Each structure stands twice: as structure tokens, then as C-alpha cells.
Amino acid sequence: MSAAVPTTISVETVRSSRWIVLNRPRVHNAMNSACIGECRAALADASHDPSIRTIVFAGAGERAFTAGADISELQDMTPERVLSYNRQWLDLFRDIELCRKPVIAAVKGWATGGGTELSLACDFVVCADGARFGLSEINIGVIPGAGAAVRLTRWLGRLKAKEILMLGRHIPGVEAAALHLANQCVAAAELIPTVQALADELATKAPLALAAAKASVNVGSDPGFDAGLEYELQEFVRLFYTQDQKEGMQAFLEKRSAIYQGK
């Protein structure tokens, strides 16, 4: 039986790199459950293909890498449903980190919420100068629930992690590079050539040594990492018992300011 044709992503092979392109441009490439599943399947396929040496995540169109979770799918979930839903995100990001091949995020346009979380899980991040990172979940009454608090704290330190998480501001591409949320920031026209050149350079390195270097950095930088991920997820789920979560997401979809009651 042939594999199902993906409907939310497109997949392309360029020399020895596999490009996984989030393909929902009408909603800023927001990721729903189907998209997460298709990304995991495409990642697994690339991981097991010996001809593929690097993997790239990108977004279709000019406006977004991905705006993260599809709020229209998320807003009315029960806490029990959101727990299983967010484990899909956790699994995708851990798949990326456990993949033995280098994974690059090519970020153009909006990369907020889950878009920033996706980039945090990748080994390299190259962004265009018009990119916008940020974890704005605080503005809709929740927090990131797929590891951003844990990864940000380890990568950037407690003060900067709290600033990003608790203020929910957007971070331009140039600033993201200065903060080390991205390896480099380039002109939009140079993003794809720059990423492909990086992928081609990585393909010249010894694959087993690359895998060992990636695993050594990831393991060495994350004592207690899985426990931290689980704690963050449980805090995220608890917010779905609150009126503020419902108000925040409804206000987002209605394009109005939320009125929070602390309930």
C-alpha cells in the first residue's frame, strides 16, 4: 500500500537534503494535528533514507514560517484532549532532537508560538531579516506547552527566557540572531541559497561524527530535560480549566483585546 499523499506539507529533495515545507499559507502555515502528523512521518522517512544527509523545515509563501498552533482547532479542547494533542507537539520536537541527521530551520516571516518552538528544536536556524520570532501565548491566556520554557532557559538563561515568555513580544530576525535564537540573519532573497549552502556543507562531513556531535551537545545540555518538559506540559494543560484561556483564545479569533479576570 502506498503512503498517503500529504495535504498540509510538501516535500522536496535537493541533492542530499530533504526539505519539509509547511504548506498552509492561507493561515500563516499554522499547524493542526494533521500537519504535525505529516511532519513526523516526513521526518521519519528522511531520517531512514541513507541518501539524505540533512533535513530542512521551511514555510510556504512569503508571509510565514509557521504561526504555530491552529488556534481554531485548539480553543475549545478539554484539558484531557489538549494533553494528548500537545504530546503530539512534544513528540515532533523530540523526533527532531533525536534525529541523527542535522535539522535546519529556514525561517521567513512569522515564526511565533509553535514556530519559535519548532526552531528551538532544530540544530541550525537561519532567518530572513523580515522574520518575527516570539512566544505570544501569554497574550491568549496560556503558555507554550511543548518545551519552550525549558529550551529557552537552557539556551538563553533564566532572565531572557522569562522576558520572552512573560511579555510575549515579537523578536525581529536581526535581534533573534543577536540573542542566539538564530545562527544568522540574511536578506530574504538570500535565505534559501544560504540554507542550501549550509546543508551542502554539512553533507560533506562524516555522517556518524555529525550524529555523535549532535547527540553529545543535546545530552550534555539537558540534565533533567524530560522532567522539565513534562512539568511545562502539565502547567499548560491546567490553564485549559480556566476562564482566562477561553477568553484569550476567543479574543484572538475575534481580533479583539482579551479581558482577563484571573479565573
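How much space lies in the largest pocket? In this predicted model, the largest pocket holds about 890 Å³ of space. Its lining comprises 40 residues, and those nearest the centre of the pocket are A67, A69, I71, T112 and F252. Two or more lining residues come from each of helix 2 (71–74), helix 3 (79–98), strand 5 (110–112), helix 4 (114–121) and helix 11 (243–254). Of these elements, helix 11 gives the most to the lining of the largest pocket, namely five residues. By class, the lining of the largest pocket consists of 20 nonpolar, 13 polar and seven charged residues.

The second largest pocket has a volume of about 550 Å³. A set of 24 residues lines the second largest pocket, with C122, D123, F124, V217 and N218 nearest its centre. Helix 4, strand 6 (124–128) and helix 9 (207–220) are the elements that give two or more residues to the lining of the second largest pocket. Helix 9 gives the most, with six residues. The lining of the second largest pocket divides into 14 nonpolar, five polar and five charged residues.

Helix 4 thus recurs in the description of the pockets: it gives two or more residues to the lining of the largest pocket, and also two or more to that of the second largest pocket. The helix lies across strand 5 and strand 7, and runs at about 85° to strand 5. Helix 4 is largely enclosed by the rest of the structure, because eight of its eight residues are buried. The buried residues of helix 4 are G114, G115, T116, E117, L118, S119, L120 and A121.

The strands crossed by helix 4, strand 5 and strand 7, belong to an open sheet of three strands. The order of the strands in this sheet is 5-7-8, and the pairing is mixed. Strand 5 and strand 8 (171–172) are the edge strands, each pairing on one side only. Strands of a sheet pair through backbone hydrogen bonds, in either a parallel or an antiparallel manner. Strand 7 (residues 132–134) and strand 8 run antiparallel and are joined by two bridges. F133 has I171, in strand 8, as its bridge partner.

Two individual residues were also examined. L165 is located in helix 6 (residues 158–167). The relative accessibility of L165 is 17%, which is under the 20% limit, and L165 therefore counts as buried. Apart from residues up to four places away in sequence, L165 touches L135, I138, P144, A149 and L152. The C-alpha atom of L165 is separated by 8.2 Å from that of G134, although the two residues are 31 residues apart along the chain.

N29 is located in the loop between strand 2 (17–22) and helix 1 (33–48). With a relative accessible area of 1%, N29 is under the 20% limit and is therefore buried. When neighbours within four places in sequence are left aside, the residues in contact with N29 include L22, N23 and R24. The other contacts of N29 are G59, A60, A64, F65, T66 and A67. One of these contacts, A67, is also among the residues nearest the centre of the largest pocket.

Methods
Residues numbered from 1 in each chain as written. Predicted model: local features only at pLDDT ≥ 70, side-chain atom pairs only at ≥ 80, totals over all residues. Heavy atoms only, no water. Helix = DSSP H or I, 4+ residues; strand = E, 2+ residues; numbered from the N terminus. Buried < 20%, exposed > 50% of the residue type's maximum accessible area, 1.4 Å probe, protein only. Contact = heavy atoms within 4.5 Å. 1 Å grid on protein atoms, 1.4 Å probe; cavity = no way out; pocket = protein on both sides within 12 Å on 5 of 7 lines; lining within 4 Å. Points joined across faces, edges and corners; volume = space filled by probe spheres on them. Nonpolar A, V, L, I, M, F, W, Y, C, P; charged D, E, K, R; others polar. Pairing = 2+ DSSP bridges. Axes fitted to C-alpha atoms, helices over the stretch in contact; angles between N-to-C directions.
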